[in-house]
Amino acid sequence: MSKANSYTTGPDENGRFGIFGGRFVAETLMPLILDLEKAYGAARQDPAFLDQLQDLQTHYVGRPSPLYFAERLTEHYGGAKIYLKRDELNHTGSHKINNCLGQILLAKRMGKRRIIAETGAGQHGVAVATVAARFGLPCTIFMGATDIERQKPNVFRMKLLGAEIMPVTSGAGTLKDAMNEALRDWVTNVDSTFYIIGTVAGPHPYPAMVRDFQSIIGQETKQQMLEREGRLPDTLCACIGGGSNAMGLFYPFLDDESVDIIGVEAGGHGIDTPEHAASLAGGKPGVLHGNRTYLLQDDDGQITEGHSISAGLDYPGIGPEHAYLKDTGRVTYVSATDQEALDAFQLCTKLEGIIPALEPSHALSHVGKIAPDLPSDHLLVMNMCGRGDKDVFSVAEHLNVDIG
Amino acid sequence: MQQTRLDNTFKQLGERNSKAFVAFVSAGDPDPVTSLKIMHGLPTAGADIIELGMPFTDPMADGPSIQASSQRALKAGMTLKGTLDMVRQFRTDNDETPIVLMGYYNPVYIYGVDAFIHDAKQAGVDGLIIVDLPPEEDEELCIPALNAGLNFIRLATPTTDDARLPEVLANTSGFVYYVSITGITGSASPEQNVVEEAVVRIKRYTDLPVAVGFGVRTAEQAEAIASVADGAVVGSALVDVIAESLDSQGLTSAKTVTETLKKAQELADGVKRA
């Protein structure tokens with residue numbers, strides 16, 4: 001693929017980022033996503049909508065999130081200056097709320113009366129249940145039965161917030177299956193229901209819309225780094241399942257050529273085994289859940305199950321814009337294994353007093369691989385996109401600790 | 001576009017003032033051998049058109065019955081290549097009954113669009129229904145398939161309004177598949193008067209036959225639907241019979257073929273009463 005003049009012009013009018021993206025949905029949903037595209041197009045230019053969103057981001061979410069200089073991690077690795085973008089300090093404990101607020105305001109604007117969503121780790125589900133409670137809309141969250149088991153604290157939080165949890169037992173009972181079931185619900189309840197997709201995937205306009213709502217992460221980072229260091233960061237690093245936190249951090253920097261950008265996929269037991277969720281490293285382009293993107297699949301085009309210690313990264317696809325950024329070479333994509341993430345999880349907790357979610361622990365583990373070889377004036381930003389409270393039980397299990 | 005088996009079938013049915021019974025089964029359910037036997041028996045049991053499901057791991061528009069049927073077929077080793085082989089074998093002694101492949105785009109995309117169209121045509125496939133290819137994605141498969149002489153059958157749904165219908169019908173051929181409910185296959189039953197209005201509405205924009213499906217389960221429903229349309233499609237009710245006929249290991253039993261064809265005959269009789 002030839003080098004683009006700008007990496008921020010996508011998607012085109014057909015929802016494509018190069019060959020990726022698109023609108024691969026059943027006819028029943030087609031009028032709905034065209035409506036959504038129109039409504040979102042109008043809302044993003046409406047000052048009243050933007051003001052309300054900003055007000056909520058400030059006073060409800062607690063934005064801007066800090067850009068924190070991780071002094072002890074920096075010392076430990078002995079190279080690049082490591083900054084953490086603290087999106088784990090947001091209300092509900094992750095970056096997911098940024099997108100959910102935008103979408104629920106849109107749902108209200110469109111007169112929708114019911115919210116549905118899929119969730120993997122439960123972070124998106126909690127954020128959806130939170131905004132649904134705040135705006136008084138009933139909500140149903142689809143969650144794989146396997147994920148319900150490994151994310152009990154989040155399941156209970158969603159219930160407390162008034163959400164109905166629908167366990168999904170088809171397939172491996174993880175995020176992909178939850179998304180299938182949410183789509184089936186949406187096809188059935190077209191008039192009343194707004195589907196809040198949690199990542200930069202799905203049919204157009206979702207990938208672009210979710211990216212836009214998450215871009216506040218990168219915009220703040222840029223401004224904070226300029227204030228703090230007087231220049232742009234040298235390297236950005238974020239974990240990727242569907243890729244919304246990464247897209248949010250990366251997007252405002254895509255045309256800043258000096259900035260190295262790295263996405264870290266979930267390597268599970270290793271990308272040379274079948275047990276991983278690294279769609280870019282181990283998949284090939286295909287069509288699922290409304291968009292063309294890299295997918296884990298077999299030679300017959302059947303989708304295979306991802307595996308990751310982190311339920312939030314356990315998805316056989318990835319947002320189409322990441323697929324495009326991979327093929328154009330603008331972003332470098334690597335992976336970290338379950339074990340590497342577990343190690344980074346413990347290290348960050350001990351050195352910085354920050355318990356990270358297992359998802360950003362993947363990104364941190366990659367930071368640990370590159371930071372030692374970088375000079376001390378190299379500015380490296382990692383997106384700390386979620387906190388690890390929800391993972392405490394499953395980490396204890398992996399460490400063979402019984403905490404009852 | 002040249003006449004296909006689908007065009008001929010609807011023409012002959014029209015001359016007899018008779019309606020089409022479109023029978024859906026997943027290719028390879030519950031195993032390739034049994035599935036081929038069922039397929040061979042369907043025309044005798046009264047099926048005018050066979051809609052053959054291309055199994056996919058993530059059938060997003062399908063309800064539990066067809067999901068399970070798709071899973072059984074995949075577990076028994078069915079692939080897209082295997083599906084085309086089934087059509088080829090069926091054609092060795094049946095050159096009349098139209099075959100429409102129904103499924104999702106990814107297996108076709110991975111097979112390769114040009115290779116798929118060539119092989120499908122050569123195997124004796126007449127038309128395609130690809131659930132996740134709306135008119136907005138016509139360049140992907142619809143246009144090349146039409147150019148190669150395969151019908152591309154589009155789904156029209158209750159959410160397809162008058163403004164959108166012409167776009168949906170533009171590159172549709174063979175027949176129009178009206179999805180009678182907003183929902184997944186095999187769920188709520190459609191109401192006859194609502195379906196009738198919809199069929200009349202679609203026919204304002206096209207001369208193509210309109211077949212109606214999603215939620216048709218009994219001979220009575222098939223009769224009611226067929227009486228206001230050009231045909232009725234039944235899938236979930238047939239694959240449920242396959243599921244119920246299996247032995248305790250989930251394998252085919254002596255009843256599988258006979259019970260499935262018996263159900264098909266009942267449904268066909270319903271349609272023919274219309």
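Colleague: What's the strand order in that open sheet of chain A?

Modeller: The four strands go E1-E2-E12-E11, and the pairing is antiparallel. Two strands pair if DSSP finds at least two bridges between them. Strands (E, at least two residues) and helices (H or I, at least four) are DSSP runs, numbered from the N terminus.

Colleague: And which strands are at the edges?

Modeller: E1 and E11 (284-288) of chain A, each of which pairs on one side only.

Colleague: Before I go on, what am I looking at, and how's it numbered?

Modeller: It's a predicted model: local features need pLDDT of at least 70, side-chain atom pairs count only at pLDDT 80 or more, and totals for chains, interfaces and linings use all residues. Residues are numbered from 1 along each chain as its sequence is written, chains are lettered from A and ligands numbered from 1 in the order they're written, and side-chain values use heavy atoms, without hydrogens or water.

Colleague: OK, back to the sheet. How many bridges join E1(A) to E2(A)?

Modeller: Two bridges, with E1(A) and E2(A) running antiparallel. One residue to look at is A:Arg16, which has A:Gly21 in E2(A) as its bridge partner.

Colleague: What does the side chain of A:Arg16 meet in a salt bridge?

Modeller: B:Glu140, over in chain B, at 2.9 Å from N to O. A salt bridge here is a side-chain nitrogen of Lys or Arg within 4 Å of a carboxyl oxygen of Asp or Glu.

Colleague: How many salt bridges cross the interface of chain A and chain B?

Modeller: The rule finds five across that interface. Several elements of chain A each put at least two residues on the side that touches chain B: E2, helix H1 (30-43), H8, E11 and strand E12 (290-295). H8(A) has the largest share of that side, with seven residues.

Colleague: How many residues does each chain bring to the contact?

Modeller: Chain A brings 37 residues and chain B brings 35. Contact means heavy atoms within 4.5 Å.

Colleague: And what area do chain A and chain B bury between them?

Modeller: About 2,800 Å², with 52% of it on carbon and sulfur atoms. Buried area is the accessible area (1.4 Å probe) that two parts lose on being put together, summed over both.

Colleague: Switching topic: how is chain A divided into domains?

Modeller: Domain 1 takes 14-56 + 94-203, and domain 2 takes 64-91 + 214-397. Those bounds come from an automatic or database domain assignment. Taken over C-alpha atoms, the centres of the two domains of chain A are 22 Å apart. The contact between them takes 40 residues from domain 1 of chain A and 43 from domain 2 of chain A.

Colleague: What's the buried area between the two domains of chain A?

Modeller: About 3,300 Å², and carbon and sulfur atoms give 60% of that. On the domain 1 side of chain A, A:Phe20, A:His95 and A:Lys176 supply 22% of the area buried against domain 2, more than any other three residues.

Colleague: Which residue does A:Lys176 pair with in a salt bridge?

Modeller: A:Glu305, with N to O at 3.7 Å between the side chains. The count between domain 1 and domain 2 of chain A is one salt bridge.

Colleague: Which elements of domain 1 of chain A give two or more residues to the side touching domain 2?

Modeller: Strands E1 (16-17) and E2 (20-24), plus helices H4 (96-109), H5 (123-135), H6 (145-150), H7 (152-160) and H8 (175-188) of chain A. H8(A) gives the most to that side, six residues.

Colleague: Now backbone oddities. Where's the cis bond to A:Pro64?

Modeller: The bond runs from A:Arg63 to A:Pro64, with omega near -5 degrees. A:Pro64 is in the loop between helix H2 (47-61) and strand E3 (67-69) of chain A. The bond from A:His204 to A:Pro205 is also cis, with omega near 15 degrees. A:Pro205 is in the loop between strand E8 (193-195) and helix H9 (206-214) of chain A.

Colleague: And what's phi of A:His289?

Modeller: Near 50 degrees, a positive value in a residue other than glycine. A:His289 lies in the loop between E11 and E12 of chain A, and E11 and E12 are neighbours in the order of that open sheet.
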